[in-house]
Amino acid sequence: AKAEGRNRYRFFEAEMTVAARARMALELSLRPALAREEFELHYQPRVDLRSMAVVGMEALIRWRHPQQGMVPPQQFIGIAEETGLIVPIGRWVLREACRQTRRLIDEFGRPIRVSVNVSARQLAQPAFAAEVREALADTGLAPSALELELTESALIEDLERTAAMLGELQALGVKLAVDDFGTGYSGLAYLRRLPIDVLKLDRSFVLQDDGRISAFDFVKAFVDMAHALQLSVVAEGVETVEVLDFLRAASCDEAQGYLLGRPLPLAGLRSLLGG
Ligand code: C2E
Ligand code: CA
Ligand code: CA
Ligand code: CA
């Protein structure tokens with residue numbers, strides 16, 4: 001049994017080395033990826049639940065790795081955050097999303113909103129609000145067309161500093177959303193202190209671990225409360241008609257999910273908006 005334990009230990013050690021090496025390789029190729037223009041944005045449509053029209057989209061980064069092909073964000077955003085590379089990458093995402101959305105609005109002649117994911121590291125940069133202002137000014141995108149998605153943990157990390165930064169962003173006229181709402185346990189008190197406009201309900205808010213839909217009265221009461229606080233509610237990860245009907249009945253405002261549209265390259269979203 002002792003030998004077995006030692007073997008197991010060796011096995012884990014080898015595994016860790018492999019994982020650490022893969023991570024290091026990814027980190028090394030992440031560094032020049034921006035300059036080599038290996039990133040692109042895909043867009044997932046966001047639908048108004050009353051009109052069922054596409055009213056916006058979420059920008060989601062994709063990495064076209066020269067050897068590994070498409071690397072999903074879950075595999076590199078964490079590394080980008082730890083190394084600080086998320087700051088220049090996030091800056092690129094913001095500008096690219098503003099630029100492409102401005103062009104879509106011009107093409108289709110109607111308002112389209114874009115949501116951009118912002119990491120804690122970006123929000124902690126004192127110059128972040130100035131960068132947002134410049135991205136809007138340089139691309140000519142109306143501030144009201146831009147929404148920034150922030151996670152609960154990024155918001156409550158340093159509430160004092162976050163409140164000041166969100167105040168600056170609000171003054172620009174951009175919308176502020178809490179992403180993955182319902183996955184943290186931070187309560188609601190922070191919402192009163194921050195100028196938040198939108199709550200994005202995580203999939204797990206509506207779907208339980210066993211796959212069953214949450215109690216209707218619970219979700220409905222939550223949406224009503226959010227509305228009373230002047231917050232609009234967007235449901236994420238809608239995959240079935242059953243969930244869609246449930247959310248409409250609960251007077252949820254907007255939704256996103258594979259049922260309504262997968263993240264698509266810009267060309268795909270263009271044909272979705274046109275058709
Ligand atoms: P997120 O912000 O919560 O984005 C939603 C994720 O759920 C996306 O995964 C999307 O493709 C996926 N999704 C959409 N509809 C459905 C559905 O019906 N069912 C299920 N199961 N999933 C659905 P994706 O694109 O792989 O992105 C994963 C995460 O990576 C994002 O989660 C976000 O946290 C991060 N991320 C993506 N792009 C960026 C970025 O530009 N900057 C930063 N900081 N993070 C990003
Ligand atoms: Ca998001
Ligand atoms: Ca989310
Ligand atoms: Ca998420």
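Which protein donors does the calcium ion (ligand 3) have, and how far from it do they lie? They are Asp179 (OD), Asp180 (OD), Glu236 (OE) and Glu236 (OE), at 2.2 to 2.4 Å. Keep in mind that this is a predicted model.

## The calcium sites

Let's start with ligand 3. Read along the chain, the donors of this calcium ion are spaced D-D-x55-E. Asp179 sits in strand β6, while Glu236 belongs to the loop between β8 (232-235) and α11, so the pair ties together parts of the chain that are 57 residues apart in sequence. Both Asp179 and Glu236 are buried.

Now for the calcium ion (ligand 2). Its coordinating atoms come from Glu58 (OE), Asn117 (OD1), Glu149 (OE) and Asp179 (OD). The spacing of these donor residues in sequence is E-x58-N-x31-E-x29-D. Here too, distant parts of the chain get linked: Glu58 is in strand β2 (residues 54-65) and Asn117 is in strand β4 (residues 113-117), with the two positions 59 residues apart. How accessible is Glu58, buried or exposed? Glu58 has a relative accessible area of 5%, so it is buried. Asn117, at 30%, is partly exposed.

That leaves the calcium ion (ligand 4). The protein donors listed for this ion are Asp180 (OD) and Asp180 (OD). Here are the three ions side by side.

| Ion | Protein donors | Distance |
|---|---|---|
| calcium ion (ligand 2) | Glu58 (OE), Asn117 (OD1), Glu149 (OE), Asp179 (OD) | 2.1 to 2.3 Å |
| calcium ion (ligand 3) | Asp179 (OD), Asp180 (OD), Glu236 (OE), Glu236 (OE) | 2.2 to 2.4 Å |
| calcium ion (ligand 4) | Asp180 (OD), Asp180 (OD) | 2.8 to 3.1 Å |

## Who bridges what

Which residue coordinates both the calcium ion (ligand 2) and the calcium ion (ligand 3)? Asp179 is the bridge, and these two ions lie 3.9 Å apart. Asp180 does a similar job on the other pair: it coordinates both the calcium ion (ligand 4) and the calcium ion (ligand 3), which are 3.7 Å apart.

Asp180 deserves another look. You'll find this residue in strand β6 (residues 175-181). Its phi is near 55 degrees, a positive value in a residue other than glycine. As for accessibility, Asp180 comes out at 27%, so it counts as partly exposed.

Ser251 is another non-glycine residue with a positive phi, again near 55 degrees. Ser251 is placed in the loop between α11 (241-249) and β9 (254-255). With a relative accessible area of 28%, Ser251 is partly exposed.

## Helix α3 and its partners

Away from the ions, take helix α3. Helix α3 (residues 86-108) packs against helix α12 (residues 266-274) at an angle of about 30 degrees, and the two axes are 11 Å apart. Why call them roughly parallel? Angles under 35 degrees count as roughly parallel, so α3 is roughly parallel to α12. The crossing of the two is right-handed. On the α3 side, the contact uses Gln100, Arg103, Leu104, Glu107 and Phe108; on the α12 side, Leu266, Leu269, Arg270, Leu273 and Gly274. Sorted by class, that contact holds five nonpolar, two polar and three charged residues.

The next partner is helix α5 (residues 128-139). The axes of α3 and α5 come within 9 Å and cross at roughly 30 degrees. That makes α3 roughly parallel to α5 as well. This crossing is also right-handed. From α3, the residues in contact are Arg91, Leu94, Arg95, Cys98, Arg99 and Arg102, and they meet Glu131, Val132, Glu134, Ala135, Leu136, Asp138 and Thr139 of α5. By class, the contact of α3 with α5 counts five nonpolar, one polar and seven charged residues.

One more stop in α5 is Ala137, which is found in this helix. Is Ala137 buried or exposed? Its relative accessible area is 60%, so Ala137 is exposed. The C-alpha atoms of Ala137 and Val54 are separated by 25 Å, and the two residues are 83 apart along the chain.

Conventions: Residues are numbered from 1 along each chain as its sequence is written. Chains are lettered from A and ligands numbered from 1 in the order in which they are written. This is a predicted model: local features need pLDDT of at least 70, side-chain atom pairs count only at pLDDT 80 or more; totals for chains, interfaces and linings use all residues. Side-chain values use heavy atoms; hydrogens and water are left out. Donors are N, O and S atoms within 2.8 Å of the metal (3.2 Å for Na, K and Ca); water is not among the atoms, so sites may look incomplete. Helices (H or I, at least four residues) and strands (E, at least two) are DSSP runs, numbered from the N terminus. Axes are lines fitted to C-alpha atoms, for helices over the stretch in contact, and angles run from 0 to 180 degrees between N-to-C directions. Angles under 35 degrees count as roughly parallel, over 145 as roughly antiparallel, 65 to 115 as roughly perpendicular and the rest as oblique. A crossing is left-handed if the near helix is turned anticlockwise from the far one by less than a right angle, and right-handed if clockwise. Contact means heavy atoms within 4.5 Å. Ala, Val, Leu, Ile, Met, Phe, Trp, Tyr, Cys and Pro count as nonpolar, Asp, Glu, Lys and Arg as charged, and the others, Gly among them, as polar. Buried means under 20% relative accessible area, exposed over 50%, partly exposed in between (1.4 Å probe, protein chains only).
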